[in-house]
Amino acid sequence: MRPRGTRSLEDLYEYTEQMEEDLTLYCLLMTSDPVSFEEANQEGKWRSAMDDEIRSIEKNKTWELTNLPKGRKAIGVKWVYKTKRNAKGEVQRYKARLVAKGYKQKEGVDYGEVFAPVARLETIRLLISLAAQKSWKIYQLDVKSAFLNGFLEEEIYVEQPPGYVKKGKEDKVCRLKKALYGLK
């Protein structure tokens, strides 16, 4: 039995060739990272990564649980999962990040201006060339959540994260004191 739409051996060959290309592309793009909380929550490694993220958020006093004021809407949050690998492709760690659904924010209500401080590539090159000329040692440092430590001026409310809703306080929301990824 031949696949629908094939009329000759040439058609069948082209169809088979296309299937192989599609399968190869699919394998290249396939990832083992979960795409939903429900999927991730079934595996201990991802649950542990989410626990680490929540501990970090609580340690930094990123939010406080409160009632949602009348006329305000809480912004949703979601979990994003990523397997971090070293240069050899071996798993280094599992990272779960809580991200605000910032696309639902309204300008003038939830934020005034968008600002993201980042170092320009030219600045990095300048510093490296200066260090080379002066024979300075260069150390690399990965700051996991550098911009998250700044206090927010706006009143922003987010939903409690999936899997971490406080028992007996299900009706509460989190008033952000500091930024979360995804905010404008």
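This passage describes the fold, the nonpolar core and the aromatic contacts of a predicted model.

The protein contains four helices and five strands. Followed along the sequence, these elements come in the pattern α-α-α-β-β-β-α-β-β. Of the 184 residues in the protein, 24% are buried. The exposed surface amounts to about 14,400 Å², and carbon and sulfur atoms supply 53% of that area. Contacts reaching across the sequence are well represented: among those between residues at least 6 apart in sequence, 68% join residues at least 24 apart.

A good place to begin is the open sheet of three strands, in which the order is S1-S5-S4 and the pairing is antiparallel. Strands S1 (63-66) and S4 (157-158) stand at the edges with a single partner strand each, so one side of each has no neighbour in the sheet. Four bridges connect S1 and S5 in the antiparallel sense. Within the sheet, Trp 63 stands opposite Leu 176 of S5. As a reminder, strands of a sheet pair through backbone hydrogen bonds, whether parallel or antiparallel.

Turning to the interior, the largest nonpolar core comprises 23 residues, and those with the most contacts inside it are Met 50, Trp 63, Trp 79, Tyr 81, Leu 180 and Leu 183. Two or more residues each come from helix H2 (37-40), helix H3 (44-59), strand S2 (77-85), strand S3 (91-100) and strand S5 (173-176). The most generous of these is H3, which gives five residues to the core. Trp 63, met above opposite Leu 176 in S5, is thus again of interest here, as one of the core residues with the most contacts.

Aromatic side chains deserve a closer look, and the structure holds three aromatic pairs. In one of them, Trp 46 and Tyr 81 meet edge-to-face, with 5.6 Å from centre to centre and 75° between the planes. Because Trp 46 belongs to helix H3 and Tyr 81 to strand S2, this pair ties together parts that are 35 residues apart in sequence. Both Trp 46 and Tyr 81 are buried. A further pair brings together Trp 79 and Tyr 164, whose ring centres are 5.8 Å apart and whose planes lie at 55°, so the arrangement counts as tilted. Here too distant parts of the chain are linked, since Trp 79 sits in strand S2 and Tyr 164 in the loop between S4 and S5, 85 residues apart. Trp 79 is buried, with a relative accessible area of 5%, and Tyr 164 is also buried, at 17%. Trp 46 and Tyr 81 also join Tyr 94 in one aromatic cluster.

The surroundings of Trp 79 extend beyond its partner ring. Setting aside neighbours within four places in sequence, Trp 79 is in contact with Phe 37, Met 50, Glu 53, Ile 54, Ala 96, Arg 97, Leu 98, Pro 161, Pro 162 and Tyr 164.

Strand S2 also holds Lys 82. With a relative accessible area of 45%, Lys 82 is partly exposed, whereas Trp 79 is buried. Not counting residues up to four places away in sequence, Lys 82 touches Asp 33, Trp 46, Arg 93, Tyr 94 and Lys 95. Two of these contacts, Trp 46 and Tyr 94, are members of the aromatic cluster described above. Finally, the C-alpha atoms of Lys 82 and Arg 97 are 8.4 Å apart in space, while the two residues are 15 residues apart in sequence.

How values were computed
Residues numbered from 1 in each chain as written. Predicted model: local features only at pLDDT ≥ 70, side-chain atom pairs only at ≥ 80, totals over all residues. Heavy atoms only, no water. Core = buried A, V, L, I, M, F, W, Y, C linked by side-chain atoms within 4.5 Å. Buried < 20%, exposed > 50% of the residue type's maximum accessible area, 1.4 Å probe, protein only. Contact = heavy atoms within 4.5 Å. Pairing = 2+ DSSP bridges. Areas by Shrake-Rupley, 256 points an atom, 1.4 Å probe, with all protein chains shown as cover. Phe/Tyr/Trp six-rings, centres within 6.5 Å; stacked < 30°, edge-to-face > 60°.
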